Amino acid sequence: MTHPALTERPEKRTRAGAGPRPGLPRAADRRRRRLRGLATIALFLLPALVLYGLLVLAPIAIAAYTSLFRWNGLGGWPEDFIGFDNFTRLFASDVFHGDLRNGLIIVALSLGIQLPLALGLALLLNQRMRGRAVYRLLFFAPYVLSEVITGVLFSLILSPEAGLANQILRAVGLEELERAWLADPSTVLPALFLVMTWKYFGFYMILFLAGRQGIPRELGEAAAIDGATAWKQFRYVTLPLLGPTVRIAAFLSVIGTIQLFDLVWVLTGGGPDHASETMAVTMFQFGFKRTQIGYASAISVVMFILSMIFALAYLRFVMRRDTRGAVTTMGDHR
Amino acid sequence: MSLRRQGVAILAASVLLLGGCGSGSDNSPDAGASAGGGKVTIDWWHIGTTEPNKTIYEGWVKAYQAKNPNVTIKVTALENDAFKSKMATVTTAASAPDIFTTWGGGVLKQQLDAGIVKDLGDAKAIADFTPAALAAYQIDGKTYGVPIDVGMVGFWYNKKLFEKAGITEPPATWSAFLETVRKLKAAGVTPIALAGKEKWPGHYYWTYLAMRVGGLDLLKQAATTHDFSGPDFVAAGQRLKELVDLQPFQKGFLNAGYSTPDGQAASVGGGKAAMELMGQWAPAVQKDAGGGIGEDLGFFPFPAVDGGKGAATEALGGGNGFAVSADAPAEAVDFLKFITQVDNQKQFVESGAGLPAVNGAEEAIKDANLKNVSGTLAGATGFQLYLDQAYPPAVGQEINDSVAGLIAGSKTPEQVTAAITETAKAEG
């Protein structure tokens, strides 16, 4: 930094501090300054903006556009404009109602069982114990596997005749609990949820573990000295301080469920008889198997809007406190 | 579904591969259709990217060029899906390669409407095709493509398990078939293996029953009227429901795959289930997925339905073929004539690439069951192309999906026909 700059700044401050002294040259100077600042920002943002526009915004816009047509995806742009017919057809479709129902069930199970389980394990693994690192690694390992490998693995385990699950039940004399798991419409969703939990609880566990370690030990100790039981320590000290982590975990869980595809596709293909189908699976079916790209686009638009509404509402009403400090405004800090 | 079948066919072909292909065939000097001595280049697009087709096609090109020095054949071998998307592009641009792979049916019709395929005139002048093989490439009585191979769907059954249940001969009627299923169940045998997860194997039942109940014209008419709600289609669903109500399928069939280690083919190939309804590639996949049952494997055509309009000699199937573009040189047709000669077809069949599409080549088939299939096809009185090729993809998928619902017990026969009709009408 040069000396003129150093001397200039305090000088400017005192001037500004001396109160408003309107004058054309000053205003023009300020405007030029601001323009230059904006130009610099634009220059640095441009590459990212171009990529974002081409790879994210443009496809969204194109999907929204094609969702208004009957189109098989071949030969140039769609031409057969049908307005919102794809959407009326979608909202009347039993399969789509099933998708929404399945999504809600999975969200409820995730929030009600999967996250508490991960939280419990995280707290447990935060205790001093022998082999703690090994347990952490072990519980996190399933998350590292790809969805497809997980799917293939569990379709073998849950196979009705030769599958490991039923063989174990047979070996311990619990034959009456044997099921066709993935092949039975009444057990497929719980079975799917079981696989999802196996796959993802490690991820949430690590999240909670990280959050838990950010809580100073002194707080717990202070509560203990005041006579708080372990439960009360958890309920009134640990859990409230884990709030931001819990909220972001729930957020990720719901968004992930709206987009759930690969695991379902490999495990069941959405079957039997649509019993485990999700919106993304239905979209794939119509887009790539039936070549009804217009209709598939309508499904993707609905998924997008649902995700967006949820994300905005969640940020606005649930995570308001968590994000408040994170938002920066250029004006205040320059 | 067709993708799946394609994969299966390729798999079957490679498993069947018996050995290297024979030496270049010495064909008789034909009454050349070549247009004088001028240099001609023919573009040939095919999907023979795997053995044995690859070697055989290369050999044909070399042999033909040696005999016709003025002709150069430029080959573009594409993988199945790449070929389909590339063909879709050239169809909209109305510029096709001189010779290209086709499976006939709805897609060939689209290409004809786009003005890119040539009327090949009298098919008999090209080769002595079996009627069943040629049917898929004929539209309104005119021939727009020639078959290179052909196959069909039928019941593959385990003779030992039939014996065990006291069944002496394969059923010829639907009621006898249901009786067979009952007997097998009573003997403690799983009567039928079905890949419920993949849906397309299940739709064969419905399609065949519609053919047997209403005859081939029923399916042909539905292609133009888009109406699948007639009483014969409903009756087909009701007949299928009779079968489903007997609970003939293996445990957990609703999530079973076709060629997976615990799937449909493995159940039959491992001797656990007595039957499956599948195409000519079934023995190869059974062997691959479940070990195979060798001599115990038998084949019988889909039984007739009592009082139905269709005969048991009408077959559901399909195969690979070639079409010629509207502006192709005369040599293109001459090349098709060359590759469908009996000698070349024998070489093709011997390699295990497929079942013959011309009369006289069937003696090259070594496997007894495939001979049986080929004989059934040669004697077929009618031929229905796979519905996903005969109809637009959306309609084919809806048939698969709705029939899967019927088999799972969530859809009535009437709901099946209503859903298919709705999709067919929407596709127009």
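**Entry 1: chain A, the annotated domain**

I began with the UniProt record, an unreviewed entry, which lists residues 100-314 of chain A as "domain: ABC transmembrane type-1". I note at the outset that the model I am reading is predicted. Over residues 100-314 of chain A, I find 74% helix and 0% strand. The C-alpha atoms at the two ends of this span lie 19 Å apart.

**Entry 2: chain A, the annotated transmembrane regions**

I next looked up the feature "transmembrane region", which the unreviewed UniProt entry places at residues 38-65, 103-125, 137-158, 188-210, 248-267 and 293-315 of chain A. I examined two of these spans in the model. Residues 38-65 of chain A are 100% helix and 0% strand, and their end C-alpha atoms are 32 Å apart. For residues 248-267 of chain A I recorded 85% helix and 0% strand, with 28 Å between the end C-alpha atoms.

**Entry 3: chain A, a pair of helices**

I then asked at what angle helix α3 (residues 85-92) and helix α13 (residues 293-318) of chain A cross. Their axes cross at roughly 70° and come within 9 Å of each other. Angles of 65 to 115 degrees count as roughly perpendicular, so α3(A) is roughly perpendicular to α13(A). On the side of α3(A), I listed A:N86, A:F87, A:R89 and A:L90 as the residues that meet α13(A). Their counterparts in α13(A) are A:G294, A:Y295, A:A298, A:I299 and A:V302. By class, I noted six nonpolar, two polar and one charged residues in this contact.

**Entry 4: where chain A touches chain B**

How many residues of chain A are in contact with chain B? I found 18 residues of chain A in contact with 17 residues of chain B. The side of chain A that touches chain B has seven nonpolar, seven polar and four charged residues.

**Entry 5: chain B, two domains**

Turning to chain B, I noted its division into domain 1 (2-150 + 319-385) and domain 2 (153-316 + 392-427). The C-alpha centres of domain 1 and domain 2 of chain B are 29 Å apart. Domain 1 of chain B contributes 23 residues to the contact, and domain 2 of chain B contributes 25 residues. On the domain 1 side, the elements giving two or more residues are α1 (2-16), α15 (368-378) and β14 of chain B. I found that α1(B) supplies the largest share of that side, eight residues. By class, the side of domain 1 of chain B that touches domain 2 has 13 nonpolar, eight polar and two charged residues.

**Entry 6: chain B, a three-stranded sheet**

I followed β14(B) into an open sheet of three strands, ordered β7-β12-β14, with mixed pairing. Its edge strands are β7 (151-152) and β14 (382-385) of chain B, each of which pairs on one side only. Strand β12 (residues 314-318) of chain B pairs with β14(B) in the parallel sense over four bridges. As one example of a partner, I noted that B:L316 bridges to B:Q384 in β14(B).

**Entry 7: chain B, a four-stranded sheet**

In which order do the four strands of the other open sheet of chain B run? I read the order as β9-β10-β8-β11, and the pairing is mixed. The edge strands, β9 (190-192) and β11 (297-300) of chain B, each pair on one side only. Direction ignored, neighbouring strands of this sheet are turned by 20° against each other on average. I recorded parallel pairing of β9(B) with strand β10 (residues 273-278) of chain B over two bridges. Here B:T190 has B:A273, in β10(B), as its bridge partner.

Note on methods. Residues are numbered from 1 along each chain as its sequence is written. Chains are lettered from A and ligands numbered from 1 in the order in which they are written. This is a predicted model: local features need pLDDT of at least 70, side-chain atom pairs count only at pLDDT 80 or more; totals for chains, interfaces and linings use all residues. Two strands pair if DSSP finds at least two bridges between them. Domain bounds come from an automatic or database domain assignment. Two residues are in contact if their C-beta atoms, placed from the backbone, lie within 7 Å. Ala, Val, Leu, Ile, Met, Phe, Trp, Tyr, Cys and Pro count as nonpolar, Asp, Glu, Lys and Arg as charged, and the others, Gly among them, as polar. Axes are lines fitted to C-alpha atoms, for helices over the stretch in contact, and angles run from 0 to 180 degrees between N-to-C directions. Angles under 35 degrees count as roughly parallel, over 145 as roughly antiparallel, 65 to 115 as roughly perpendicular and the rest as oblique. UniProt positions are given in the numbering used here, feature names are shortened, and annotations may be inferred rather than shown by experiment.
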